[in-house]
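Biologist: I should like to go through this model with you, one question at a time. Please give the reasoning before each answer.

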Amino acid sequence: AGGLSELLQPGKTGIQVPSENPEAIAEALVEIYRKPEPIRAMAREAWSCSARRTSSIPPTSNSVSCTTG
């Protein structure tokens, strides 16, 4: 979805699949179902990254960086 890809760090804060590839989307969903704990860990990291980002970057800034932690 627009805007989210700039926050995504594949394997750290989520998984990335091409939106125009239904097979890749299906495979990702099956992987999530089969191995939920890595996805939960990525969700926790994404939440933490988002919290750090929004608390440390002025509202007028467009820069995105959440590689610490």
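Biologist: Which residues make a nonpolar surface patch of about 230 Å²?

Modeller: The model is a predicted one, and what follows should be read accordingly. One member of the patch, Ile25, lies in helix H1. Ile25 has a relative accessible area of 31% and is therefore partly exposed, and patch members need over 30%. The nonpolar patch of about 230 Å² is made by Val17, Ile25 and Leu29.

Biologist: How many helices and strands does the protein have?

Modeller: One of the helices is H1, which covers residues 22-34. Helix H2 covers residues 36-56. The full tally for the protein is two helices and zero strands.

Biologist: Is Glu27 buried or exposed, and how far is it from Val17 in space, C-alpha to C-alpha?

Modeller: Glu27 is found in helix H1. Its relative accessibility is 55%, and a value over 50% is what the term requires, so Glu27 counts as exposed. Glu27 and Val17 are 10 residues apart in sequence, and their C-alpha atoms are separated in space by 9.4 Å.

Biologist: Which residue forms a salt bridge with Lys35?

Modeller: Side chains of opposite charge can pair when their charged atoms come close. Lys35 has a relative accessibility of 48% and so counts as partly exposed. Its partner is likewise partly exposed, since the relative accessibility of Glu31 is 40%. With the closest N and O atoms 3.4 Å apart, the residue that pairs with Lys35 is Glu31.

Biologist: What separates Glu37 and Arg40 along helix H2, and how far apart are their closest N and O atoms?

Modeller: Glu37 and Arg40 are three residues apart in helix H2, and therefore about one helical turn separates them. Glu37, at 42% relative accessibility, counts as partly exposed, and Arg40, at 46%, does too. The two residues form a salt bridge whose closest N and O atoms are apart by 3.6 Å.

Biologist: Which residues are linked with Glu37 in a network of salt bridges?

Modeller: Glu37 forms a salt bridge with Arg40. Glu37 also forms one with Arg44, where the closest N and O atoms are 2.9 Å apart. Arg44 has a relative accessible area of 49%, so this residue is partly exposed. The residues linked with Glu37 in the network are Arg40 and Arg44.

Biologist: How many salt bridges are there in the count?

Modeller: One of the pairs is Lys35 with Glu31. Glu37 contributes a pair with Arg40 and a pair with Arg44. The count comes to three.

Biologist: Where is Thr13 placed, and which backbone nitrogen lies 2.7 Å from a polar atom of its side chain?

Modeller: Thr13 belongs to the segment before H1. Its relative accessible area is 12%, and therefore Thr13 is buried. Beyond its neighbours within four places in sequence, Thr13 is in contact with Leu7, Leu8, Met42, Glu45, Ala46 and Cys49. The backbone nitrogen that lies 2.7 Å from a polar atom of the Thr13 side chain is that of Gln9.

Biologist: What share of the accessible surface of the protein belongs to carbon and sulfur atoms?

Modeller: Buried residues make up 14% of the 69 residues in the protein. The accessible surface comes to about 5,400 Å². Of this surface, the share that belongs to carbon and sulfur atoms is 58%.

Methods: Residues numbered from 1 in each chain as written. Predicted model: local features only at pLDDT ≥ 70, side-chain atom pairs only at ≥ 80, totals over all residues. Heavy atoms only, no water. Helix = DSSP H or I, 4+ residues; strand = E, 2+ residues; numbered from the N terminus. Buried < 20%, exposed > 50% of the residue type's maximum accessible area, 1.4 Å probe, protein only. Salt bridge = Lys/Arg side-chain N within 4 Å of Asp/Glu carboxyl O. Areas by Shrake-Rupley, 256 points an atom, 1.4 Å probe, with all protein chains shown as cover. Patch = residues over 30% accessible without salt bridge, like charges linked within 9 Å, V, L, I, M, F, W, Y side chains within 5 Å. Polar contact = N/O pair within 3.5 Å; in protein donor to acceptor, adjacent residues only side chain to side chain. Contact = heavy atoms within 4.5 Å.
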